[in-house]
Amino acid sequence: MKFHTHSSPFSSSRSLALLGALSTVTVSASAATLKVSPAAPQPGDVVTVTVYPAAGERLVAVGMSAWDTATVPFFRRPDGLVRAFVGFPFDRSGGAHTLRARVQVQKNGTTTEQIVSTRVPARDRYYPTQRFSMGGKMAATMSRTAALRSEKLYVQSKMKTSYSAPLWSGNWIVPSAGSASSAYGRKRYINGKWWGQHNGSDIKAPTGTPVYATNGGRVVLSEHLTALRGNCVVIDHGCNIFSLYLHLSRRNVKVGDRVARGQKIGAVGATGFVTGPHLHWEMRVGWEPVDPYQFVRRGVQF
Ligand SMILES: [Zn+2]
């Protein structure tokens, strides 16, 4: 698997060749090392993975799959380390997890490969159950599986690639005033029927309350999606981190716009599959939804 830089991303064919070359792996005495932060993450966390080269070696490429992310994209930092973010799915348990990467390094003109791994002692996280009831007309949305699936695939298609460097800086902010009404990860039943774990955090606020970009980025989707999300904005923050804002009454940005942290991007509304006005705020690493508030608390940085 490649990692991305501004100037020289690896071609996908080279990435595949690298991933296929397991039998020729050389484990040298001075291997690269793999570190994760937080050291003891829990399901729902964004996990920062950093590869440190051994002295005198230069990292060329890294291949990794972790949890539900088949191909973890790595990005080069100015100091020569490479870093990735991985979403730890909310439906997993704590205990020992192992993250493993195939690392290609150069030293004195010679390229070798190493397998590096680290054992991650994960904590358990308890997510409460929440039960809603909803009128028949709104609840009918739940059975429109084809429309829900096609809308999901459409949103995914806008998030296939991310800018190869951070477009954010500094602290992440909660994107709207209001009260937290349904937390990330809750196990939800609507009219007694399983509706999945909550992949975002809900902020209850009156229609028209401003919604701000949680940090700097580039708008990759801004439109009305009829099946579920209503008026929706998606921002790519770079390095595979995205924020999503659903059910808006108004959108103030268009695809391609660069936005700054705190810039107004729309207003709270009740469009799409909702019971009342609120902001549904998601943070995703690739397609993996993670707990939005940890960005604010932890200050996730590249
Ligand atoms: Zn929600």
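Select arginine 284 in this predicted model: its bridge partner in E22 is proline 289. Three bridges join strand E21 to strand E22 (residues 288-290), and the two run antiparallel. Now colour the turn of this hairpin, where two residues sit between the strands and glycine 286 takes a positive phi near 60°.

**Strand E21**

Extend the selection to the whole of E21, residues 278-285. Eight of its eight residues are buried. Show the side chains to see how the strand is covered on both faces. On one side are His278, His280, Glu282 and Arg284, and on the other Leu279, Trp281, Met283 and Val285, all of them buried.

**Further partners of E21**

Next select strand E17 (residues 241-248), which is joined to E21 by six bridges in an antiparallel arrangement. Within this stretch of the tour, pick leucine 244, which stands opposite glutamate 282 in E21.

Then go to E13, which also runs antiparallel to E21, with four bridges between them. Pick aspartate 202 and look across to histidine 280, its bridge partner in E21.

**Threonine 207**

From E13 (201-204), follow the chain into the loop that leads to strand E14 (210-212); threonine 207 is located in this loop. Is threonine 207 buried or partly exposed? With 16 other C-beta atoms within 10 Å, threonine 207 is partly exposed.

Add the contacts of threonine 207, leaving aside neighbours within four places in sequence: Ser249, Val268, Gly269, Ala270 and Pro277. For valine 268, draw a distance between the C-alpha atoms: 5.0 Å separates two residues that are 61 apart along the chain.

**Zooming out to the domains**

Colour domain 1 (3-122) and domain 2 (129-298) separately. Their C-alpha centres lie 29 Å apart. The contact between them takes 17 residues from domain 1 and 16 residues from domain 2. On the domain 1 side, select strand E6 (residues 82-87), which gives the most to the surface touching domain 2, with three residues. By class, that side of domain 1 has eight nonpolar, six polar and three charged residues.

**The whole chain**

Finally, show everything as a cartoon: the chain has four helices and 22 strands. The radius of gyration is 20 Å, close to the 19 Å given by the globule rule for 302 residues, so the chain is as compact as a globular protein of that length. The C-alpha trace spans about 65 × 40 × 35 Å along its principal axes. Colour by burial, and buried residues make up 38% of the 302. Among contacts between residues at least 6 apart in sequence, 69% join residues at least 24 apart.

Terms used
Residues are numbered from 1 along each chain as its sequence is written. This is a predicted model: local features need pLDDT of at least 70, side-chain atom pairs count only at pLDDT 80 or more; totals for chains, interfaces and linings use all residues. Domain bounds come from an automatic or database domain assignment. Two residues are in contact if their C-beta atoms, placed from the backbone, lie within 7 Å. Ala, Val, Leu, Ile, Met, Phe, Trp, Tyr, Cys and Pro count as nonpolar, Asp, Glu, Lys and Arg as charged, and the others, Gly among them, as polar. The radius of gyration is taken over C-alpha atoms; the globule rule is 2.2 Å times the number of residues to the power 0.38. A residue is buried if 20 or more other C-beta atoms lie within 10 Å of its own, exposed if 12 or fewer, and partly exposed in between; C-beta atoms are placed from the backbone. Two strands pair if DSSP finds at least two bridges between them.
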